[in-house]
Amino acid sequence: MDYDVVVAGGGPVGLFLAGELRLGGAARVLVVERLAEPDETIKAGGINTAGGVALYRRGMLPDLAAAWERNRWRMRAFLGDRGPDAPRTPPKFAGHFAGIMMRGDLFDDSDPAFTDIGPADGVGLGIPQIELERILGARAERLGVEVRRGVELTGFDTDEDGEGGENGEGGVVVHLADGARIRSGWLVGCDGGRSMVRKLAGFGFPGTEPEITGYQAVVEMTGGERLGKGWNTTDVGTYVNGPFPGRILTVEFDGPPADRSAPITAEELQAALRRVSGVDEVTIHEVHSSTRFTDNARQADGYRRGRVLLAGDAAHVHSPFGGQGLNLGLGDAMNLGWKLAAVVRGAADESLLDSYTAERHPVGAWVLDWTRAQIAVMRPDRHARALRRVVTDLALTTTGTTYLVKQISGVWQRYELRGAHPLTGHSAPDLELSDGTRLGDHLHDGRAVLLDLADDPKLRARAEGYGDRVDVLTAACPGRPELTALLVRPDGFVAWAANGTDGTDGTDGTDGNYRADDDLDDVLARWFVAS
């Protein structure tokens, strides 16, 4: 093999996945990217809580904070004109649903879903996608990932039966536009919504047809003072002015564009903005960055076919409303990286990869429906406008705002894992430990953590034989005295947890007491093969 894994696509998801593979022990990882330079086109404008927590768990919180400082001017609409002494922390911003802005003062952050999130909450707000790509690219380089830019994947051949492979194993021969042929153990398509990998591998891609044509752009214009600020709904559609000067977005329900790849002109953007806003005085003089989008909502019928896998937009596409796409892709990468690395190292059977689709496909399906619901509320017909008024009334309540923020932030996500404890399957709480550290500080190396909160030698003994893949940490957590132990996977999700006693005093583990020895052996064997 030339490489253990080839990742097609060098955007944020591909770069993050490549770093996770190296962190997990894959020795030879190659990223091939069609573009010669990172794409500066305006795209996602931030990451949600789940995305921020994932990066925090890999030690990137300082990078995110620095990027926020560099782009602090973008939040001027939220911070107001308070000059250089304005607060240097992200503002209280609750987000929006279909352009219905939620008020931060109505958000109940005492909701249990937001307990123990840690310092990553809100840190990704306002960070452009290009900034995140630079952060993840630098990390991938530090971790030893090879990145080839200006190189396009044109095809591949799979060898499932191992003929011609290394040590009788199967593999993938990747064809590049420059004529190169690269043999790899695995291929992961992170090559966007029009994924060549997905198409050539034969994944099904069912979904719903688009209804809208949308534009997002950064422009120089005059007459913009006549536009409403923020999100605006009109009889024709929706437009956005802000949050920083010159940034506009329009949505029209006139079907998809005839050619999404055609160059976008100032005249085209100006015509759309005038139609939707009704302001004929607005004139666009120069376009700095622009993109078209639709609400095409589709999802691959699975995320793995043999030695070919999908992640990010290659696995699912949808409208950008609610800012879910980038966060969904980062979650895919965090889930897949440690599993595929374990398989590459021979530390896990290929069946471990079945859990990737099982866990991430339902999350992707939820995101697609979340964006479809927003399209239904944004339509300009009378029925949709009546529904919008009802949703607006609900959103402007504490209960409604808190519900919507939970969905947008991603804190609702839970994998269906076996286990009775309420934390099992959830993202781990970022516990404050007695030694002054937090749980997230111990996940930077991408290894699982068995957290012994009761100083129980019998519990620690059960992790013997997993020393090269499971770190054992003994510490107290005064803030959560009911917890006695947690097994946290490398992606930060709880595989097993215990409350109360270990069963030595005669209790049977009922009434909220989860014995520390009732199924830990099975869980360890499920996720990590003993050496």
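Begin by selecting residues 483–488, strand 21, together with strand 22: the two strands run antiparallel and are joined by 5 bridges. Within this pair, L486 is placed opposite A497 of strand 22. The model on display is a predicted one.

Next, extend the selection to the whole sheet. It is an open sheet of 4 strands, ordered 20-19-21-22, and its pairing is mixed. Colour strand 20 (470–474) and strand 22 (494–499) separately; these are the edge strands, and each has a single partner strand, so one side of each lacks a neighbour in the sheet. Direction ignored, neighbouring strands here are turned by 15° against each other on average. Now add residues 520–527, which form helix 13. This helix lies across strand 19 (448–452), strand 20, strand 21 and strand 22, and runs at about 165° to strand 22.

**A second sheet**

Move to another open sheet, which has 5 strands in the order 11-12-13-10-14 and antiparallel pairing. Its edges are strand 11 (230–233) and strand 14 (283–293), each of which pairs on one side only. The average turn between neighbouring strands of this sheet is 20°, direction ignored. Select residues 237–241 and 247–252 to see strand 12 and strand 13, which run antiparallel and are joined by 5 bridges. V240 stands opposite L249 of strand 13. Then display helix 7, residues 266–277, which packs on the sheet and touches strand 10 (213–222), strand 12, strand 13 and strand 14. The direction of helix 7 makes about 85° with that of strand 14.

**A helix pair**

Select residues 325–345 and 354–378, which are helix 8 and helix 9. The axes of helix 8 and helix 9 come within 10 Å and cross at roughly 175°. Helix 8 is therefore roughly antiparallel to helix 9. To inspect the contact, show side chains: on helix 8, L328, G331, D332, N335, L336 and K339 meet S355, Y356, E359, R360, V363, G364 and V367 on helix 9. By class, this contact comprises 5 nonpolar, 4 polar and 4 charged residues.

**Cavities**

The whole structure holds 2 cavities of 30 Å³ or more. Keep the helix pair visible, since the next stop involves both helices. The largest cavity encloses about 40 Å³ of space. Select N48, A50, Q324, N327, L328, V363, V367 and Q413 to display its lining. Helix 8 and helix 9 each supply at least two of the lining residues of this cavity. The lining has 4 nonpolar, 4 polar and no charged residues.

For the second largest cavity, with a volume of about 30 Å³, select Y56, R57, A428, P429, D430, L439, G440 and L443. The lining of the second largest cavity divides into 5 nonpolar, 1 polar and 2 charged residues.

**A pocket to finish**

The last stop is the second largest pocket, whose volume is about 570 Å³. Its lining numbers 33 residues, and those closest to the pocket centre are R57, V411, H426, S427 and A428. R57 and A428 also belong to the lining of the second largest cavity. Helix 2 (49–56) and helix 8 each contribute at least two residues to the pocket lining. Helix 8 gives the most, with 6 residues. By class, the lining of this pocket consists of 17 nonpolar, 10 polar and 6 charged residues.

Key. Residues are numbered from 1 along each chain as its sequence is written. This is a predicted model: local features need pLDDT of at least 70, side-chain atom pairs count only at pLDDT 80 or more; totals for chains, interfaces and linings use all residues. Side-chain values use heavy atoms; hydrogens and water are left out. On a 1 Å grid over the protein atoms alone, a cavity is a set of points where a 1.4 Å probe fits but cannot get out, and a pocket is an open set with protein on both sides within 12 Å along at least five of seven lines; lining residues have an atom within 4 Å of a point. Grid points are joined across faces, edges and corners, and a volume is the space filled by probe spheres set on the points. Ala, Val, Leu, Ile, Met, Phe, Trp, Tyr, Cys and Pro count as nonpolar, Asp, Glu, Lys and Arg as charged, and the others, Gly among them, as polar. Axes are lines fitted to C-alpha atoms, for helices over the stretch in contact, and angles run from 0 to 180 degrees between N-to-C directions. Angles under 35 degrees count as roughly parallel, over 145 as roughly antiparallel, 65 to 115 as roughly perpendicular and the rest as oblique. Contact means heavy atoms within 4.5 Å. Two strands pair if DSSP finds at least two bridges between them.
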